[in-house]
Amino acid sequence: MDFTTADLIDEYGDTLSSCLTQFRSYGSRARFSGRIATVRCREDNALVKRVLSTPGDGRVLVVDGDASLRTALMGDLIAASAVSGGWSGVVINGAVRDTVALAALDLGVKALGSNPRKSAKTGAGAVDVPVVFGETTFTPGEWLYSDEDGIVTSPREL
């Protein structure tokens, strides 16, 4: 990837949003970008699993887990299906698990932290709706760019 989020902010300024949430990186891809797809859920990863089992076409799934660290919303099996499906990355406003295995996968993964506890599987939540955290609105179809310095969003590809 030939971008840094700092350079993007320098070039495009206020046309970009910069997410204030401080994430940890868990995947082997430090930099990733793509069109945004979203899931809103809390302590239930059935929708995350369903979406990441579909073709990603280089997209990034943004999951608003309401910043809960009580259960993991993604582990190694779901992340492996994302890799197989061609997803570029996953940003989770919540927890992941299987962090050693995640580090070996060719996927960008950012999350608030980790917890080995499994989540519910009822399918509660919503797919492809705008989600908001870190003073940033993540809108399906817009673009996300992530690197070691943070996450920025753009209404169009840069």
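In the predicted model, a polar atom of the Asp64 side chain lies 2.9 Å from the backbone nitrogen of Asp66. The side chain of Asp64 also makes a polar contact, at 3.0 Å, with the side chain of Asn93. Asp64 itself belongs to strand β4, which spans residues 60–64.

Asp64 is buried, yet no salt bridge is formed by this residue. The nearest side chain of opposite charge is that of Arg40, at a distance of 4.8 Å; a salt bridge would require a side-chain nitrogen of Lys or Arg within 4 Å of a carboxyl oxygen of Asp or Glu. Arg40 is nevertheless among the residues in contact with Asp64 when neighbours within four places in sequence are left aside. On that basis, the surroundings of Asp64 further comprise Val39 and Cys41, together with Asn93, Val131, Val132 and Phe133.

A second region of interest is helix α3, formed by residues 76–84. Within this helix, Ile78, Ala79 and Ala82 are buried. Viewed down the axis of α3, the buried residues fall within an arc of 100 degrees, and they therefore line one face of the helix. On the other side of α3, Leu77 and Ser84 are exposed.

The buried residues of α3 are covered by elements that include helix α2 (46–52), strand β5 (72–74) and helix α4 (99–103). Just after α3, Gly86 adopts a positive phi of about 85 degrees.

Notes:
Residues are numbered from 1 along each chain as its sequence is written. This is a predicted model: local features need pLDDT of at least 70, side-chain atom pairs count only at pLDDT 80 or more; totals for chains, interfaces and linings use all residues. Side-chain values use heavy atoms; hydrogens and water are left out. Buried means under 20% relative accessible area, exposed over 50%, partly exposed in between (1.4 Å probe, protein chains only). Helices (H or I, at least four residues) and strands (E, at least two) are DSSP runs, numbered from the N terminus. The arc is that of the directions from the helix axis to the C-beta atoms. Contact means heavy atoms within 4.5 Å. Lys and Arg count as positive and Asp and Glu as negative; His and the chain ends are not counted. A polar contact is a pair of N or O atoms within 3.5 Å; within protein, one must be able to donate a hydrogen and the other to accept it, and residues adjacent in sequence count only if both atoms are side-chain atoms.
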